[in-house]
Amino acid sequence: MNINGDPKTAAAGSEKIIRLLASSLLPTRHGEFRIHVYQPVDETVEHVALVKGDVAGKDGVLVRVHSECLTGDVLGSMRCDCGEQLDAAMAKIAEAGEGMILYLRGHEGRGIGLANKIRAYQLQDQGQDTVEANLALGLPVDTRDYEVAARILSHLGVKSIRLMTNNPRKMNKLADYGVVVNERIPVITPHTPHNIGYLRTKQQKLGHMFDFE
Ligand SMILES: Nc1nc2c(ncn2[C@@H]2O[C@H](COP(=O)(O)OP(=O)(O)OP(=O)(O)O)[C@@H](O)[C@H]2O)c(=O)[nH]1
Ligand SMILES: [Zn+2]
């Protein structure tokens, strides 16, 4: 794999080439992490790896591959479970003393972007579910790609992971890029009247694994 994006080798294959742009310590509510900012060559989007402990050369590293959700992660929206999942994943990594969050930008709205996600919310307020709303807008249900996550894991020397997700398709998509996923660890957050419909649709139409009591 080409780590630093040497353009000479970029032409050799169709692999996405990533550059490590910057790194620093990052104290958080969940203790100290190291933040790395990556960017694929010829793209402007910046992705984040938030790492705790020494993960290089390790097997079974606890990993959350998190799709950016401005409304849930930053604004505390209760329409989805993203913000709480991110918090729960960081807490679990802190407890374990080792692991990482891969925060993928450009995944907003399962790939349709923020404005379209908000348009989809408007349709959901009129009775459509999260899948129907995307389709009604003439947009795909999920365009997310996980190659950059695989490249970052490889750059950081991670040998295999325990993936924190309720979405088995995410495991498969990472595996398609060569990531060895040893185990899926559920990230279940409490449901509320605001997100129960959304969670049920994810379970029924998108293959997410939840047990509703
Ligand atoms: N299009 C659309 N995107 C949404 C909606 N609600 C949340 N999202 C986006 O969905 C992404 C998260 O995907 P989810 O399907 O909730 O979960 P996942 O990442 O597939 O699976 P987990 O690992 O279990 O969280 C984030 O980028 C959110 O911005 C919605 O109603 N419509
Ligand atoms: Zn969300």
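**Met-100, its core and its sheet**

Me: Leaving aside its neighbours within four places in sequence, which residues is Met-100 in contact with, and what makes these contacts?

Reply: Met-100 is in contact with Ala-49, Leu-50, Val-51, Lys-52, Val-55, Val-61, Val-63 and Ile-93. Two residues are in contact if their C-beta atoms, placed from the backbone, lie within 7 Å. This is a predicted model: local features need pLDDT of at least 70, side-chain atom pairs count only at pLDDT 80 or more, and totals for chains, interfaces and linings use all residues. Residues are numbered from 1 along each chain as its sequence is written, while chains are lettered from A and ligands numbered from 1 in the order in which they are written.

Me: Why is Met-100 called a member of the largest nonpolar core?

Reply: A nonpolar core joins buried Ala, Val, Leu, Ile, Met, Phe, Trp, Tyr and Cys residues through C-beta atoms within 7 Å. Buried means 20 or more other C-beta atoms within 10 Å of its own (exposed: 12 or fewer; partly exposed: in between), with C-beta atoms placed from the backbone. Met-100 is one of the 36 residues in this core, so it meets those conditions. Among those touching the most other members are Met-100, Val-63 and Val-65.

Me: How do you know that β3 and β5 pair?

Reply: Strands are DSSP runs of E, at least two residues, numbered from the N terminus; helices are runs of H or I, at least four. Pairing takes at least two DSSP bridges. Five bridges join β3 to β5, so they pair; they run antiparallel. The bridge partner of Val-51 is Met-100, in β5.

Me: What makes β1 and β7 edge strands?

Reply: β1 (18–28) and β7 (181–185) each pair on one side only. The open sheet's order is β1-β2-β3-β5-β4-β6-β7.
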